[in-house]
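Thanks for sharing this one. Here are my notes, point by point, to read with the structure open beside you.

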Amino acid sequence: MLGLLGLAALFASPLWCIAVLVKLVSVALPGRRPDWAVQLLRWSARMAVAAAVGCYLLSSGAVAFAEHESRSGADSSPAPACRGEEVPRDTRQRLVTHRASYFPPAFDCVLDDGTTYESSSLYDRLNMFVVVFAVGAGALAASAGCAAARRDRARAVPGADSVPGGSVDAPSDDQRHDDRVGGAPGA
């Protein structure tokens with residue numbers, strides 16, 4: 001089951017990247033809503049959670065695949081993930097079994113003296129990405145909450161608006177310039 005979810009995460013990751021790029025482009029273009037900052041922080045927190053879940057599913061799927069590969073077929077013992085080309089021959093001869101873990105995802109190879117080594121450094125990297133994205137999601141969510149609270153406090157104070165530099169009803173410099181050039185009264 002985790003293998004299939006990992007495969008789904010593998011196929012969904014390009015869509016996630018496209019969504020993030022489209023959002024970045026939309027933020028760079030003019031014509032944003034006034035509350036775009038809070039919405040962007042919330043969206044970014046959701047995307048960071050999606051990335052953390054995706055990385056976890058990728059690493060868990062890789063563990064499930066290595067576990068399945070070690071139980072299937074005539075050449076399955078010791079685990080094929082433990083017998084890579086990078087593993088020295090004397091180490092491969094001392095292999096006894098393997099240990100699979102899904103929290104955190106890891107696939108360790110066990111030698112006859114009880115010591116272990118990782119079958120791949122991929123698990124460490126993906127686990128690091130899970131932690132980074134999860135911490136980033138928490139920080140973004142907290143920032144969005146603080147920004148929303150600050151915006152709500154600014155709206156609650158009479159005479160103060162969320163627009164820096166004064167009231168929304170005050171004319172902008174461009175409107176004042178247009179009034180002076182056009183000769184409108186009250187310029």
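**Notes on the predicted model**

1. **The core.** The largest nonpolar core has 11 residues in all: V63, A66, A79, C82, V87, L95, F107, C109, L111, Y117 and Y123. Both α2 and β2 supply at least two residues of this core, and β2 gives the most, with 3 residues. That fits a familiar trend: in soluble globular proteins, nonpolar side chains tend to be buried together. Please keep in mind that this is a predicted model.

2. **One core residue up close.** What does L95 touch, leaving aside residues up to four places away in sequence? The list is P78, C82, R83, C109, V110, L111 and Y117. Among these, C82, C109, L111 and Y117 are fellow members of the largest nonpolar core.

3. **Overall layout.** The protein chain has 5 helices and 3 strands, and along the sequence they follow the pattern α-α-α-β-β-β-α-α. Of the 187 residues in the protein chain, 25% are buried. Among contacts with a separation of 6 or more, 53% are between residues 24 or more positions apart.

4. **The sheet.** The 3 strands form an open sheet in the order β1-β2-β3, and their pairing is antiparallel. Because β1 (95-102) and β3 (116-118) stand at the edges with a single partner strand each, one side of each has no neighbour in the sheet. From one strand to the next, the twist averages 30°. Between β1 and β2 (residues 105-111), the antiparallel pairing runs over 7 bridges; if you would like a place to look, R99 has D108 in β2 as its bridge partner. Helix α2 (residues 36-71) packs on this sheet, where α2 touches β1 and β2, and the direction of α2 makes about 150° with that of β1.

5. **The aromatic cluster.** How many aromatic pairs are there? The count comes to 2. In the pair of W16 and F133, the ring centres are 6.3 Å apart with 70° between the planes, an edge-to-face arrangement. W16 belongs to helix α1 (residues 2-28) and F133 to helix α4 (residues 122-156), so this pair ties together parts that are 117 residues apart in sequence. The rings of F129 and F133 have planes at 35° and centres 6.4 Å apart, so that pair is tilted. F129 and F133 both sit in helix α4, 4 residues apart, which is about one turn of the helix. Ring pairs thus link W16, F129 and F133 into a cluster.

6. **Accessibility of those rings.** Are the cluster residues buried, exposed or in between? W16 is partly exposed, at 27% relative accessibility. F133 also counts as partly exposed, with a relative accessible area of 26%, and F129 is partly exposed at 38%.

7. **Cysteines.** The structure holds 0 disulfides. Why is C17 not bonded to C55? The sulfur of C55 is the closest cysteine sulfur to that of C17, but the two are 9.9 Å apart, too far for a bond; a disulfide would need them within 2.5 Å. Seen from the other side, C55 is in no disulfide either, and its nearest cysteine sulfur is that of C17. As for their surroundings, C17 is partly exposed at 38% relative accessibility, whereas C55 is buried at 11%.

8. **A residue in a loop.** S77 lies in the loop between α2 and α3 (89-93). With a relative accessible area of 61%, S77 is exposed. S77 and H98 are 21 residues apart in sequence, and their C-alpha atoms are 9.5 Å apart in space.

9. **A buried arginine.** R151 is found in helix α4. Is R151 buried or exposed? At 17% relative accessibility, R151 counts as buried, because the cut-off for buried is under 20%. Not counting residues up to four places away in sequence, R151 touches D35 and V38.

Definitions and conventions: Residues numbered from 1 in each chain as written. Predicted model: local features only at pLDDT ≥ 70, side-chain atom pairs only at ≥ 80, totals over all residues. Heavy atoms only, no water. Buried < 20%, exposed > 50% of the residue type's maximum accessible area, 1.4 Å probe, protein only. Pairing = 2+ DSSP bridges. Axes fitted to C-alpha atoms, helices over the stretch in contact; angles between N-to-C directions. Contact = heavy atoms within 4.5 Å. Core = buried A, V, L, I, M, F, W, Y, C linked by side-chain atoms within 4.5 Å. Phe/Tyr/Trp six-rings, centres within 6.5 Å; stacked < 30°, edge-to-face > 60°.
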